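Q: I'd like a close look at the charged pairs in this model, and at whatever surrounds them. Could you walk me through it?

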Amino acid sequence: MDHKVNWGIIGCGRIAHSFAKGLKVIPNASLVAAASQTSGKAAAFGKTFNIPKIYDNYQNIVADSEIDVIYIATTHNFHFDQAMLALAHGKHVLCEKAFTINAHQAQKLIERAKQKKLFLMEAMWTRFLPCTIKILELVETKIVGDVVHFQADLCKKFPKDPDDRFFNPNLGGGSLLDLGVYPISFASFIFKNPPLKIMSIAHIGDTGVDEQVSYLFEYDKGETAQLTSSIITVIPPEATIIGTEGYIKVPNFTRPTKFLIFRDSSTPKTIEVPYQSTGLNYEAMEVMKCLSEGRLESDTLPLTQTLETMKLMDRLRSQWNLKYPDELS
Ligand SMILES: NC(=O)c1ccc[n+]([C@@H]2O[C@H](COP(=O)([O-])OP(=O)(O)OC[C@H]3O[C@@H](n4cnc5c(N)ncnc54)[C@H](OP(=O)(O)O)[C@@H]3O)[C@@H](O)[C@H]2O)c1
């Protein structure tokens with residue numbers, strides 16, 4: 001990767017800090033600007049990461065001719081407008097998960113990026129971690145035979161603040177877009193195609209968001225996936241990939257550093273594959289690799305896959321009659 005890439009960040013919140021830290025370990029990545037609409041936030045962020053240019057609005061950062069790629073690190077409800085704004089100004093875009101609030105927005109963004117011949121990718125960082133890559137390579141070699149079932153839970157308990165993004169429907173809150181998107185995406189890394197049949201039960205809390213969801217999917221050859229997401233309770237974030245010849249356990253499957261292969265009745269084989277820095281550096285490296293090769297999307301996480309994930313999440317929400325306020329106007 002000889003090509004130097006200049007990054008700009010929109011939104012200086014929690015994940016932006018991990019991303020900026022991750023960028024530091026990438027040779028040829030330069031974080032040249034950050035923008036925040038919250039007074040003082042960009043300045044503090046800029047000081048922490050030694051960023052030369054700070055903006056108090058998003059219009060000015062996308063107009064900065066020095067920037068090649070904009071990383072969008074705001075809440076789900078803003079991703080569409082901000083990605084559109086960046087594309088309109090000729091910037092490549094890496095947009096946090098969940099990519100948008102619905103498939104319609106995702107489709108429009110993809111069309112716009114294609115029209116403008118600009119790179120676009122969902123920041124589903126887990127897909128690019130060395131451990132995930134190793135797991136998927138081994139699954140492909142049928143190390144546990146044909147995969148027949150996938151199980152994963154991502155449940156974290158957040159303080160019940162109706163204004164914070166987890167419980168606030170205006171910010172695209174709820175467990176689906178924030179946490180459910182991980183096990184759903186991981187299932188798509190394994191089964192590749194979307195499920196044919198989906199069943200789900202959601203608990204909608206008093207702020208109107210899906211606080212907890214149980215998902216059951218069936219794929220074209222009868223394979224199944226059973227997933228859970230929650231923002232009101234904790235379950236160890238483990239995934240199990242179950243095949244006809246054994247199974248693989250992945251502790252911390254959204255940020256894996258090791259996995260265990262169980263075959264026959266012998267003791268499991270543990271494989272450790274750590275990652276460097278915060279781990280968000282790998283998705284950024286994928287963007288930079290694609291740009292240096294003149295590619296407008298990633299083969300590892302193609303836009304069709306992101307779109308299918310968004311369509312699936314729409315189908316799930318339709319089972320619970322859940323719409324975000326932005327979809328009602
Ligand atoms: N990859 C990961 O591991 C990971 C982890 C956590 C989150 N995420 C994703 O990253 C994104 C941001 O999450 P976060 O936890 O970093 O969010 P956050 O800290 O709550 O907010 C991020 C930014 O969004 C804007 N924002 C938040 N609330 C707002 C409001 N009420 N009105 C207007 N703007 C508001 C602010 O932008 P300004 O700075 O411009 O004011 C804020 O700095 C989400 O898409 C989330 O799913 C990814």
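Which residues are linked in a network of salt bridges?

A: Happy to! Please keep in mind that this is a predicted model. The network you ask about links four residues through salt bridges: Lys289, Glu293, Arg295 and Asp299.

That network is a good place to begin, but let's look at some other pairs too, as the structure holds 17 salt bridges. One of them joins the side chains of Asp178 and Lys97, with N to O at 3.4 Å. Asp178 belongs to helix H7 (residues 175-191), while Lys97 sits in the loop between strand S5 (92-96) and helix H5 (103-116), so this bridge ties together parts that lie 81 residues apart in sequence. Both partners count as buried because each is under the 20% cut-off: Asp178 has a relative accessibility of 4%, and Lys97 has 9%.

Now compare a pair within one helix. Asp314 and Arg317 form a salt bridge whose closest N and O atoms are 3.3 Å apart. The two residues both lie in helix H9 (residues 303-320), with 3 residues, or about one turn of the helix, between their positions. Here the burial is split: Arg317 is buried, at 4% relative accessible area, whereas Asp314 is partly exposed, at 24%. Another pair is Lys142 with Asp146, where the closest N and O atoms are 2.6 Å apart. Asp146 is partly exposed, with a relative accessible area of 40%.

Back to Lys97, which leads us to the ligand. There are 24 residues around the ligand, and Lys97 is one of those that come nearest, together with Arg14, Ser36, Thr38 and Tyr58. Arg14 has a polar side-chain atom 2.7 Å from a ligand oxygen. Trp125 places a side-chain N or O atom 3.2 Å from an oxygen atom of the ligand. With Gly13, the backbone takes part: one of its N or O atoms lies 3.2 Å from a ligand oxygen. Overall, the protein covers 82% of the 890 Å² of accessible area that the ligand has on its own.

Finally, the nonpolar side of the picture. The largest nonpolar core has 115 residues, and those touching the most other members are Trp7, Ile9, Phe150, Phe217, Ile241 and Phe259. H7, the helix that carries Asp178, supplies the largest share of this core, with 11 residues. Looking beyond four places in sequence, Ile241 is in contact with residues including Ile135, Val139, Phe150, Phe186, Ile190 and Tyr247.

Key:
Residues numbered from 1 in each chain as written. Predicted model: local features only at pLDDT ≥ 70, side-chain atom pairs only at ≥ 80, totals over all residues. Heavy atoms only, no water. Helix = DSSP H or I, 4+ residues; strand = E, 2+ residues; numbered from the N terminus. Buried < 20%, exposed > 50% of the residue type's maximum accessible area, 1.4 Å probe, protein only. Core = buried A, V, L, I, M, F, W, Y, C linked by side-chain atoms within 4.5 Å. Contact = heavy atoms within 4.5 Å. Near = heavy atom within 4 Å. Polar contact = N/O pair within 3.5 Å; in protein donor to acceptor, adjacent residues only side chain to side chain. Areas by Shrake-Rupley, 256 points an atom, 1.4 Å probe, with all protein chains shown as cover.
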